[in-house]
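Welcome to this short tour. Please open the structure in your viewer and follow along, one selection at a time.

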Amino acid sequence: APRRAVGCIGRRRNTGDLVEMLSFMRGKKPPETAKSNGASAGPGTLGHPGAIAAASTTLCALGRMLLNDLTGMQADSSRKFAALRAASKEATRIIQELTGFGCASSDQDLAKELKNRGEIVKPAILACETKKFHLLGMLYLSRLATHDVLHAANFEGVYPVLRKCTESSLEAMVQLRALQAITGAMQSRTIASTYNHALGMVEAALVLHASKINEVSHAASAAVRQSVTRVFDFAAEQDDADCIRTAGAVLREMVLMANEEDPEAIKCPHGPGTDLLCMEVVDAVLRAHSAAFGHHPALLQILHEEVCSKIIGRLQRCVWTGGNRREQSFIYCVWMLRIAAAIVTLVPPHVIEREVPPPPPPKEEEEAAA
């Protein structure tokens with residue numbers, strides 16, 4: 001029947017015949033037949049199976065992904081998870097209303113509309129608190145974080161969920177999704193500039209860096225680098241006291257951990273290679289944002305009092321003949337010298353110049369003066 005419809009029997013088939021064949025298979029009649037009968041049903045006709053697919057193409061990519069995740073939560077949840085089912089239905093209703101009335105025709109518009117709706121985040125929190133929906137909840141949460149839907153007011157409930165997903169008992173895929181959510185959340189200026197939120201995200205990434213799973217540990221290293229870099233990016237772009245305070249606190253914690261000391265605001269174990277990772281992060285920050293230390297006295301004070309003193313002490317241990325062999329290894333010396341070079345060469349000279357106090361007088365002179 002299809003061959004008779006396109007009239008390609010008994011002669012060599014060409015490209016036009018192929019187009020007519022594909023049109024017939026999609027439910028359209030060939031062009032010559034459609035002219036004679038204009039009332040034929042096609043994908044654009046209401047009730048045709050293709051009408052549903054055509055309607056779904058009007059939904060933005062973010063809306064489709066979020067609705068698919070919410071549908072999975074509703075389908076798999078039973079009476080035992082009634083709260084998750086109700087929250088998923090409410091979030092689905094909000095997304096459908098925003099996209100149906102044309103308020104959000106693109107990913108950016110939808111993310112902007114959803115950012116002030118706390119009901120959108122609630123399904124992710126409830127799903128992550130349930131072992132059965134851990135992975136689906138982290139997937140949904142990572143989508144919200146990547147598209148900057150997480151508002152600072154709603155982030156208070158998100159951080160405990162992310163911190164809980166850093167437990168070693170969970171499977172690797174859940175931890176990787178948590179890292180994706182952390183990296184996405186730190187792209188938000190509001191979250192990366194807030195003291196508690198920024199330190200909390202860096203802490204969660206450092207905890208996962210100590211994981212025994214290589215894939216998780218490598219991904220956590222990248223998350224730490226990117227998160228700290230974003231904090232200083234926002235601090236350099238705007239002259240805001242909160243951003244500078246957050247950047248200074250993060251730098252102080254990195255320097256303490258690079259020197260194998262206990263951090264003050266971050267609670268995470270010293271895993272293998274944590275000090276080397278923090279050295280690398282400090283070096284990257286100094287080289288990428290050296291000018292910021294000259295513009296902000298708070299950062300300059302940390303550079304003088306924290307970074308320089310720690311680096312000098314670590315260099316002394318590296319060159320000391322009776323020191324730890326691990327600290328005298330090639331890679332430790334290289335990173336210490338890189339950080340020292342970044343401070344001396346990249347930071348403007350007038351910034352690092354300071355009055356050097358005179359040395360204390362010898363004991364003989366003190367006794368003579370007395």
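**Stop one: a pair of helices**

Begin by selecting residues 241-258, which form helix 15, and residues 297-319, which form helix 18; their axes come within 10 Å and cross at roughly 5 degrees. Keep in mind that you are looking at a predicted model. Angles under 35 degrees count as roughly parallel, so helix 15 and helix 18 are roughly parallel to each other.

Next, show the side chains where the two helices meet. On helix 15, select Ile244, Ala247, Gly248, Leu251, Arg252, Val255, Leu256 and Ala258. Their partners on helix 18 are Ala298, Leu299, Ile302, Glu306, Val307, Lys310 and Arg314. Colour this contact by residue type and you will find 10 nonpolar, 1 polar and 4 charged residues.

**Stop two: an enclosed space**

How many cavities of 30 Å³ or more are there? The count comes to 1. About 60 Å³ of space lies in the largest cavity.

To see what surrounds the largest cavity, select Val255, Ala258, Asn259, Val282, Lys310, Ile311, Arg314, Met336 and Ile339. Val255, Ala258, Lys310 and Arg314 may look familiar: they belong to the contact between helix 15 and helix 18, and they line the largest cavity too.

Now add helix 19 (330-346) to your view, since helix 15, helix 18 and helix 19 each supply at least two residues of this lining. Which helix gives the most to the lining? Helix 18 does, with 3 residues.

For a last look, colour the lining by type: 6 of its residues are nonpolar, 1 is polar and 2 are charged.

Conventions
Residues are numbered from 1 along each chain as its sequence is written. This is a predicted model: local features need pLDDT of at least 70, side-chain atom pairs count only at pLDDT 80 or more; totals for chains, interfaces and linings use all residues. Side-chain values use heavy atoms; hydrogens and water are left out. Axes are lines fitted to C-alpha atoms, for helices over the stretch in contact, and angles run from 0 to 180 degrees between N-to-C directions. Helices (H or I, at least four residues) and strands (E, at least two) are DSSP runs, numbered from the N terminus. Angles under 35 degrees count as roughly parallel, over 145 as roughly antiparallel, 65 to 115 as roughly perpendicular and the rest as oblique. Contact means heavy atoms within 4.5 Å. Ala, Val, Leu, Ile, Met, Phe, Trp, Tyr, Cys and Pro count as nonpolar, Asp, Glu, Lys and Arg as charged, and the others, Gly among them, as polar. On a 1 Å grid over the protein atoms alone, a cavity is a set of points where a 1.4 Å probe fits but cannot get out, and a pocket is an open set with protein on both sides within 12 Å along at least five of seven lines; lining residues have an atom within 4 Å of a point. Grid points are joined across faces, edges and corners, and a volume is the space filled by probe spheres set on the points.
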